[in-house]
Amino acid sequence: MAQHNITISRAGFTSAFGVLAATLGSAVGLGNIWKFPYLTGANGGAGFLLVYVLATLLVGLPVMIAEITLGRQAKANPITALQALAPKRQPWWLIGAAGMVAAFLILSFYSEVVAWVFAYVVKALRGTILSSDRQVTEAAFSALISDPLQSLLWQWGVLVFIGGILLLGVTKGIEALTKKLMPLLFLLLLLLCAVSLSLDKAAQGLAFLFNPDFSKITASVVLTAMGLAFFKLSIGMGTMMTYGSYFRDDQNIPKTTLQVMSADLCVSMLAGIAIFPAVFTFGFAPAAGPALVFITIPAVFSQIPMGQALMVAFFVLAAVAATGAMLSLMEVPVVIFHERLGLSRPKATLLTIFLLAILGSGCALSNSTLADFKLFGLNLFDLFDFVSSNIILPADGIFIALFIGWVWGIDNFRSAVSNRGQLHNRSLSQGVFFLLRYVSPLLILLVMLKGLKLF
Ligand code: PHE
């Protein structure tokens, strides 16, 4: 069967811009709009942001280059790719297997947040949440998440929707649509920033976001920031390796990676600037947790003419961004089931959706029926998030870095990154290789040991 698997023909990205757009479509999602602001708020603001940016540069960037390079080299799913590139009988393919586990954990809670976004499109249409009154927006959000039936139905709706896109084979169409709509999301975020910056306590919000209080940077804050860097760039779980396998051979990997990283950081910053001035002006708690964006955004829109229509547009665009990211997450298990188990793509998709409907409902019910069900002091939603972002993604990152640095080696890496010598980026690939061989694995390991209090 292995023979057969490798010969399955793979569709690739056709243009350089298509590659950039698809990779960006995976990176930009609810991580920017929902997770980044809530984690920044919960972890003390500017200090967290600083560590997050450092983690993105020192660890995220090299690991992302590494993953895409390995994927393109092997042109296969993460498990097969690592089997093909590693010496016989060395179990590096476990990186791919762990990534698939992470994909399921992330999808389980991510699909629930996408569900909230979909539900908010409807709420925004009805006009009931457009208010700067804390109590109104907070009550609307908790009414949604504490209702088990609504939480479940919205999540399953999302799964059927995404599954439908995959089954109908219209993923390419959706990607084209995402490409067209993302500039609009960007514009809307700019508008939100302008509104937010004109609010009374804008200065306080900006100080929270940009003026670091170093006393708030603890080991667990550093781990959370690093986990966010992995999550944001969709690395450490096989997505970028899978996308790399669709990259063209003449694509400039470091350049594409840098562009994606910069654009992604930019969108996150805009979301932060849109949210925090409003948080302080309207008296929300910066540490409100996963609710933060959902309770704050309506307050910002309540301040402008046509706020309701624009808020509908915002949640629709957020749903589009989230759909792009979710499609890329699903690609990992779907391709693995397809290429490894020999299932047809539709069957692989159905199996993935089915498993997610079961696993995900644990997250959907985390604020209602299963609120008291805790493992290690966390409900399932928070546990899946913690285990994926703070354990599996960074651990996978360590092994990807070690694999390139100590097994695959400088010659293979340099040749692959330079497109067999066509690009003149020798010192760049040497620098990245040095980071991968020594810096990234040690740094990730230290942060993990400290953050998990194992050291
Ligand atoms: N990077 C995506 C986001 O920010 C989430 C994601 C994580 C997507 C891992 C794919 C893989 O929303």
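## Working through a helical chain

Leave out the residues up to four places away in sequence, and Leu223 touches Asn390, Val447, Met448, Gly451 and Leu452. Keep in mind as you go that the model is predicted.

**Exercise A.** Work out which helix holds Leu223, and decide whether Leu223 is buried or exposed.

*Solution.*
- Start with the element: Leu223 sits in helix H11, residues 219-232.
- Next, check the cover. The relative accessibility of Leu223 is 1%, and buried means under 20%, so Leu223 counts as buried.
- Now pick one of the contact partners, Val447. Leu223 and Val447 are 224 residues apart along the chain, yet their C-alpha atoms are separated by 5.7 Å.

**Exercise B.** Describe the chain as a whole: how many helices and strands are there, and how does the radius of gyration sit against the globule rule?

*Solution.*
- Count the elements first: the chain has 18 helices and 0 strands.
- Then take the radius of gyration, which is 21 Å; the globule rule gives 23 Å for 455 residues, and the two are close, so the chain is as compact as a globular protein of that length.
- For the extents, lay the C-alpha trace along its principal axes and you get about 60 × 45 × 45 Å.
- Buried residues account for 58% of the 455.
- Of the contacts between residues at least 6 apart in sequence, 82% join residues at least 24 apart.
- Finally, look at the outside. The chain exposes about 17700 Å², with carbon and sulfur atoms supplying 68% of that. There are 27 positive and 18 negative side chains, and the centres of these two sets lie 9 Å apart.

**Exercise C.** Find which residues have the most contacts inside the largest nonpolar core, then list what Phe315 is in contact with beyond its sequence neighbours.

*Solution.*
- The largest nonpolar core has 161 residues, and Phe314 and Phe315 are the ones with the most contacts inside it.
- Set aside the neighbours within four places in sequence, and Phe315 is in contact with Val117, Tyr120, Val121, Ala124, Phe294 and Ile297.
- Match those numbers to elements where you can: helix H6 runs 94-126, and helix H14 covers 292-301.

**Exercise D.** Compare Val158, Pro290 and Pro277: where does each one sit, and is each buried, partly exposed or exposed?

*Solution.*
- Val158 first. Helix H8 (residues 148-167) holds Val158, and a relative accessible area of 0% makes this residue buried. The contacts of Val158 outside its four-place neighbourhood are Ser111, Val114, Ala115, Phe118 and Met326. As for Tyr110, which is 48 residues away along the chain, its C-alpha atom is separated from that of Val158 by 10 Å.
- Pro290 next. You'll find Pro290 in the loop between helix H13 (253-281) and helix H14 (292-301). The relative accessible area of Pro290 is 23%; because buried stops under 20% and exposed starts over 50%, Pro290 is partly exposed. Pro290 touches Trp34, Tyr38, Trp116 and Phe141, again not counting residues up to four places away. With Trp34 the C-alpha separation is 7.3 Å, although 256 residues along the chain lie between the two positions.
- Pro277 last. Pro277 belongs to helix H13 and, at 1% relative accessibility, counts as buried. Not counting residues up to four places away, Pro277 touches Ser196, Leu197, Leu199, Lys201, Ala202, Gly205 and Gly272. Thr296 is 19 residues from Pro277 in sequence, with their C-alpha atoms separated by 9.9 Å.

**Exercise E.** Look at the backbone of Arg89 and Asn419: what is the sign of phi in Arg89 and in Asn419, and where do Arg89 and Asn419 lie?

*Solution.*
- Recall the background: most residues other than glycine have a negative phi.
- Arg89 goes the other way, with a positive phi of about 65°. Asn419 has a positive phi too, near 50°.
- Now place them. Arg89 is in the loop between helix H5 (78-85) and helix H6 (94-126). Asn419 is in the loop between helix H17 (380-417) and helix H18 (426-451).
- Then check accessibility. Arg89, at 82%, counts as exposed, whereas Asn419, at 7%, counts as buried.
- Putting it together, both residues sit in loops between helices, but Arg89 is exposed and Asn419 is buried.

Terms used. Residues are numbered from 1 along each chain as its sequence is written. This is a predicted model: local features need pLDDT of at least 70, side-chain atom pairs count only at pLDDT 80 or more; totals for chains, interfaces and linings use all residues. Side-chain values use heavy atoms; hydrogens and water are left out. Helices (H or I, at least four residues) and strands (E, at least two) are DSSP runs, numbered from the N terminus. Buried means under 20% relative accessible area, exposed over 50%, partly exposed in between (1.4 Å probe, protein chains only). The radius of gyration is taken over C-alpha atoms; the globule rule is 2.2 Å times the number of residues to the power 0.38. Contact means heavy atoms within 4.5 Å. Accessible areas come from the Shrake-Rupley method with a 1.4 Å probe; for residues, only the protein chains shown count as cover. Lys and Arg count as positive and Asp and Glu as negative; His and the chain ends are not counted. The place of a charge is taken as NZ of Lys, CZ of Arg, CG of Asp or CD of Glu. A nonpolar core is a set of buried Ala, Val, Leu, Ile, Met, Phe, Trp, Tyr and Cys residues joined through side-chain atoms within 4.5 Å.
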